[in-house]
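Here's a quick tour of a protein model, taking in a hairpin, a sheet and a core. Have the structure open as you read.

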Amino acid sequence: VRQRGNKFHAGDGVGTGKDFTLFALREGEVLFKVGANKKKFVTVVDAVDRSGRADGLPTRKDKRRAMYTPRDDLRWAEESGTAVEVRTVEPTVRSAAAAPVAPPKAPKAAKAAKAKTSGGPPKGQYRQVNKVRYDNHALLAMDAIMAAKGELNLEDCKMLYIDVQDGGRVTATECDTLEFVANGGGGKYAYKCTEEAKAYLLERAAMERVKFGEGGAR
């Protein structure tokens, strides 16, 4: 750097002449950076090998260099009537040798199936199906009975009704839970009730809705 006065200061690998000229003390790349008190420093660091990408593909500079055709070649081809040589892009020697072997990616369908099967039962106080909240604790008990017997009888549904009365009263969410089970569930949750059990759940849900003023079952 030729300068008058110390506009730039010497950093690592840089020397200063009598006329404030900065010169490199070793080979490498020149970097300009701002230090303390907004002083500008010039340093020389080790050169970075940019001959190719780590994955073995050509860099943008490789592509531009490989696809560039000198004007003299174009002019000579036009005058002689010959075709211009078709240029192709090849990975550099360094990048092709150092390219790591990437593991094969699993298909999206396999990932989705794995995520669906690996999950356990729903957690938390509520279970949301089609944007409606239900009592998750009560539904977990019904899920276990369905897995064991495949059908809910009257005694199972009476147990469900007792389960939703844990706070001394039945809320609108718990009424939705009773109707959800009685009507066969929804989404990925299916429930099969006997006719007697279904009538019992719908009757209890309608009765509880009347108590807190919803005017019967929906």
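A word on terms before the hairpin: two strands count as paired if DSSP finds at least two bridges between them. Keep in mind, too, that this is a predicted model.

Let's start with strand 6 (residues 126-129) and strand 7 (residues 132-135). They run antiparallel and are joined by 4 bridges. Their hairpin has 2 residues between the strands, and Asn 130 takes a positive phi near 55° there. Across the pair, Gln 128 sits opposite Arg 133 of strand 7. Strand 6 also has two distinct faces: Arg 127 and Val 129 point to one and are buried, while Tyr 126 and Gln 128 point to the other and are not. That fits the usual picture, in which side chains of a regular strand alternate between the two faces of the sheet.

Then there's an open sheet of 3 strands, ordered 1-5-4 with mixed pairing. Strand 1 (8-10) and strand 4 (29-34) are at the edges with a single partner strand each, so each has one side without a neighbour in the sheet. Ignoring direction, neighbouring strands here are turned by 35° against each other on average. Strand 1 pairs with strand 5 (residues 40-45) in the parallel sense over 3 bridges, and Phe 41 in strand 5 is the bridge partner of His 9.

The two pairs, side by side:

| Pair | Sense | Bridges |
|---|---|---|
| Strand 6 and strand 7 | antiparallel | 4 bridges |
| Strand 1 and strand 5 | parallel | 3 bridges |

Last, the largest nonpolar core: it has 26 residues, and Tyr 191 is among those with the most contacts inside it. Helix 5 (136-149), helix 6 (154-163), helix 7 (172-182) and helix 8 (195-211) each give two or more residues to this core. Beyond its neighbours within four places in sequence, Tyr 191 is in contact with residues including Leu 152, Val 181 and Arg 127.

Conventions. Residues numbered from 1 in each chain as written. Predicted model: local features only at pLDDT ≥ 70, side-chain atom pairs only at ≥ 80, totals over all residues. Heavy atoms only, no water. Core = buried A, V, L, I, M, F, W, Y, C linked by side-chain atoms within 4.5 Å. Buried < 20%, exposed > 50% of the residue type's maximum accessible area, 1.4 Å probe, protein only. Contact = heavy atoms within 4.5 Å. Axes fitted to C-alpha atoms, helices over the stretch in contact; angles between N-to-C directions.
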